[in-house]
Amino acid sequence: MQSNSEYILDFVLPIGETGPTGPTGPAGISAIMYTDFANTSTAGILQTSSPKKLPNNTNIFLINNNRITLNESGCYELAISGRLRETLSSTNAVLAIQIEVNGTQSDFLEITLQNVGEIYFVQQKMLSITTPQNVSVIFRKTSSSDASLENVFFDIKKFPY
Amino acid sequence: MEEHDYCLDFIIPSGETGPTGPIVHAPKIFVSYHNATTAQNLTISSATIFPSNSNIYTITNESIQFTETGYFEFFISGRLKETTTANGATLKLRTRNTSGISNNLITVQLQQGARETYFSQIKIGQYGTLQTVMLVFEKNGNSDASIEAVTLQIQRLPFPYSK
C-alpha cells in the first residue's frame with residue numbers, strides 16, 4: 001500500500017553545457033569577377049582578356065562576348081582602373097561602364113579625359129539590383145582623337161547583402 | 001513516516017547552438033612608404049595589418065611577404081613628379097616568388113614631357129607560391145624625378161587558390 005505523501009524537490013537545475021560553436025559567419029565577399037581589357041585606341045566595347053570568377057563555379061556572374069551579367073539581386077561593388085591618354089587633340093575621350101536594364105543601356109560610371117594629357121585612374125561605385133543586369137565597358141571618342149586606353153582592369157565584388 | 005528511495009532519471013540538455021559568427025573579412029595590410037628622389041626600392045615608413053592578429057603578412061624594411069598563397073588585391077596610389085628635365089620615371093609593383101622569379105604586376109610611368117601625375121591603380125594577382133612584394137622606383141637618364149605619398153593596400157581575397 002502506497003502512502004499519500006507530498007515531497008518538495010528543492011534544488012536548482014545546473015546550467016547545461018555550452019552548445020556547439022555556431023557556424024562560421026559569411027565571407028565579406030560572396031563572389032568576385034575580374035578581368036583585364038586589351039589595350040586599345042579604337043572606340044567601342046572593350047574586349048575582355050582572361051576574365052576570372054571566384055569561386056570558379058559561381059553562377060553570380062556570367063561572362064559572354066565582353067558582357068558581364070550580374071545574375072543575382074543584391075549589392076555589388078564595381079571598380080575600374082587604368083590609364084587614359086591623348087597626345088594630339090583635346091576631344092574629351094570617355095571610358096564608361098554601362099548598365100543594361102530591359103534592353104536599355106545607360107552610363108553608370110564615367111571617366112573623362114578633358115584635356116590633352118594622361119590620367120591613371122581608379123573609380124569605384126556601389127550598385128544595388130533587384131533583377132539581373134548586364135554590364136559592359138565602352139570607350140568613346142571622336143574620330144580625330146588619338147586617345148588610347150592601357151592596362152584597364154575591372155573587378156566586380158558581390159557582397160552578402 | 002515510511003521511507004522510500006526515488007531516482008530522478010533525466011539528462012539536462014545542452015544549450016542551443018551559438019549564433020552565427022560575424023562576417024569574415026579578408027585580412028588586409030595598409031603600407032605607407034618614404035618619399036624618394038633616387039632610384040631604389042621604396043622603403044616602408046609604416047604598416048598596419050587588419051585584423052592585428054593576422055599572420056598572413058610579414059614586413060621587412062622594403063618588402064611585404066605573404067605567408068599564404070591565394071588571391072590578393074592590390075591598391076596603390078601616390079605622386080610622381082619631375083621638375084627640371086623630362087626624362088621619365090617609373091614605379092613598379094614587383095612580386096617575387098621563392099624561386100626568385102619576378103613579375104611586375106603594376107607599372108606606372110611618368111612620360112617624357114610630363115611634369116607630374118597623381119596615380120592610383122587596382123589589380124588582383126593570383127599566387128600558387130609564396131610571394132615577396134616590393135615597390136621599385138626607376139628613373140631614366142638625368143631625371144630629377146621624385147616620388148611622394150605612396151601608399152599600398154593589399155587584401156587577401158577569401159577564396160582558396162586554384163589553377
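**Entry 1: the sheet of chain B.** Before reading the sheet I fixed the term: two strands count as paired if DSSP finds at least two bridges between them. The model I am looking at is a predicted one. With that in hand I looked up chain B, where I found an open sheet of 5 strands in the order β3-β1-β11-β6-β9, paired in the antiparallel sense. I noted that β3 (44–50) and β9 (116–127) of chain B stand at the edges and have a single partner strand each, so one side of each is left without a neighbour in the sheet. From one strand to the next, I read an average twist of 10°.

**Entry 2: a pair inside that sheet.** I then followed strand β6 (residues 70–81) of chain B to strand β11 (residues 146–156) of chain B, and the two pair over 9 bridges in the antiparallel sense. To have a place to look at on screen, I picked F75(B), whose bridge partner in β11(B) is Q153(B).

**Entry 3: the sheet of chain A.** Turning to chain A, I looked up its open sheet, in which 5 strands are arranged as β3-β1-β11-β6-β9 with antiparallel pairing. Here β3 (48–54) and β9 (117–129) of chain A take the edges, and because each has a single partner strand, one side of each is left without a neighbour in the sheet. Neighbouring strands of this sheet are turned against each other by 10° on average, direction ignored. I also checked strand β1 (residues 31–37) of chain A, which runs antiparallel to β3(A) and is joined to it by 5 bridges; within this pairing, I32(A) has L54(A) as its bridge partner in β3(A).

**Entry 4: where the chains meet.** Next I asked how many residues of chain B are in contact with chain A. I found 40 residues of chain B in contact with 44 residues of chain A, and between them the two chains bury about 3200 Å², with 59% of it on carbon and sulfur atoms.

**Entry 5: polar links and the side of chain B.** Across this interface I recorded 2 salt bridges, and I looked up the one between K157(A) and E73(B), where the closest N and O atoms are 2.7 Å apart. I also noted 10 residue pairs in polar contact between chain B and chain A, both residues being at pLDDT 80 or more. On the side of chain B that touches chain A, the elements giving two or more residues are β6, β8 (102–110) and β9 of chain B, and the largest share, 9 residues, comes from β9(B). Sorted by class, this side of chain B has 20 nonpolar, 16 polar and 4 charged residues.

Methods. Residues are numbered from 1 along each chain as its sequence is written. Chains are lettered from A and ligands numbered from 1 in the order in which they are written. This is a predicted model: local features need pLDDT of at least 70, side-chain atom pairs count only at pLDDT 80 or more; totals for chains, interfaces and linings use all residues. Side-chain values use heavy atoms; hydrogens and water are left out. Helices (H or I, at least four residues) and strands (E, at least two) are DSSP runs, numbered from the N terminus. Axes are lines fitted to C-alpha atoms, for helices over the stretch in contact, and angles run from 0 to 180 degrees between N-to-C directions. Contact means heavy atoms within 4.5 Å. Buried area is the accessible area (1.4 Å probe) that two parts lose on being put together, summed over both. A salt bridge is a side-chain nitrogen of Lys or Arg within 4 Å of a carboxyl oxygen of Asp or Glu. A polar contact is a pair of N or O atoms within 3.5 Å; within protein, one must be able to donate a hydrogen and the other to accept it, and residues adjacent in sequence count only if both atoms are side-chain atoms. Ala, Val, Leu, Ile, Met, Phe, Trp, Tyr, Cys and Pro count as nonpolar, Asp, Glu, Lys and Arg as charged, and the others, Gly among them, as polar.
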